[in-house]
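I opened this notebook to keep track of what I looked up, entry by entry, with the sequence and the structure side by side.

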Amino acid sequence: MSVRRRLDHRDGAAGLAFFVFGIAFAVLALNYPLGTTMRMGPGYFPVVLGLILAGLGLVVGLGAFRSQSVADQGAGNASLAIPKLRPALLISASVLVFAAAIESVGLALATFGVIAVSSLANSNVRWRSVAASGLVLASASVAIFAYGLRLPFRVTPF
């Protein structure tokens with residue numbers, strides 16, 4: 001079985017799109033005052049987010065060049081079938097759960113809800129891992145956004 005390098009066009013296109021949109025987003029956001037890290041201006045977050053997106057595009061784009069065995073290349077075309085809708089629907093639903101829940105139950109429970117609903121997208125979910133990551137991410141969200149940045153989020157429903 002020989003191994004040779006080939007380009008995965010889907011990863012290459014996705015990486016290029018992430019990179020182009022990230023750079024464009026960052027450049028357009030430069031029209032707003034940046035401020036400093038401690039006193040962020042309206043352009044700071046969009047510039048940083050655009051640069052992160054561009055970096056992610058580079059990683060995904062470079063991942064398009066990967067080694068595959070000749071036997072695996074024929075199996076690669078099978079992934080062009082109709083995508084499974086369950087993961088996409090559940091991840092989207094988790095965002096809607098967060099948006100609907102943050103005002104009524106607070107940041108901590110809304111964040112935990114995002115983790116719980118989005119984890120349903122994986123058919124091999126381990127609920128102990130979901131509970132652990134939900135607790136860690138909810139705690140980090142509260143620490144960063146409510147206490148660190150002092151954003152006016154209700155933390156708990158009480």
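Before looking for patches I fixed the term: a patch is made of residues with over 30% relative accessible area and no salt bridge, and nonpolar side chains are joined within 5 Å. I also kept in mind that I am reading a predicted model.

Entry on the overall fold. I took the secondary structure of the protein chain first, and it comes to 5 helices and 2 strands. Reading along the sequence, I noted the pattern β-α-α-β-α-α-α. Of the 158 residues in the protein chain, I found that buried residues make up 24%.

Entry on the nonpolar patch. Which residues make the nonpolar surface patch of about 770 Å²? I listed L16, F19, V20, I23, V27, L30, L34, L51 and L58. The elements that give two or more residues to this patch are α1, which spans 9-29, and α2, which spans 44-62. I noted that α1 supplies the largest share, with 5 residues.

Entry on I23. I picked one member of the patch and placed I23 in helix α1. Its relative accessible area is 33%, so I recorded I23 as partly exposed, and this value also fits the patch cut-off of over 30%.

Entry on the pair α1 and α2. Since both helices contribute to the patch, I looked up how they are arranged. Two packed helices are described by the angle between their axes and the distance between the axes. For α1 and α2 I wrote down an angle of about 160°, with the axes 7 Å apart. Because angles over 145 degrees count as roughly antiparallel, I entered α1 as roughly antiparallel to α2. The crossing in which α1 passes α2 is left-handed.

Entry on helix α5. I then turned to α5, which covers residues 127-148 and holds S129, and in which I also found L135. Is S129 buried, partly exposed or exposed? Its relative accessibility is 40%, and S129 therefore counts as partly exposed. For L135 I read a relative accessibility of 55%, and because exposed means over 50%, L135 counts as exposed.

Entry on distances from α5 residues. I looked up the C-alpha atoms of S129 and S119, which are separated by 9.7 Å, the two residues being 10 residues apart along the chain. For L135 and A108, which lie 27 residues apart along the chain, I noted a C-alpha separation of 8.5 Å.

Conventions. Residues numbered from 1 in each chain as written. Predicted model: local features only at pLDDT ≥ 70, side-chain atom pairs only at ≥ 80, totals over all residues. Heavy atoms only, no water. Patch = residues over 30% accessible without salt bridge, like charges linked within 9 Å, V, L, I, M, F, W, Y side chains within 5 Å. Areas by Shrake-Rupley, 256 points an atom, 1.4 Å probe, with all protein chains shown as cover. Salt bridge = Lys/Arg side-chain N within 4 Å of Asp/Glu carboxyl O. Helix = DSSP H or I, 4+ residues; strand = E, 2+ residues; numbered from the N terminus. Buried < 20%, exposed > 50% of the residue type's maximum accessible area, 1.4 Å probe, protein only. Axes fitted to C-alpha atoms, helices over the stretch in contact; angles between N-to-C directions. Parallel < 35°, antiparallel > 145°, perpendicular 65-115°, else oblique. Left-handed = near helix turned anticlockwise from the far one by under 90°.
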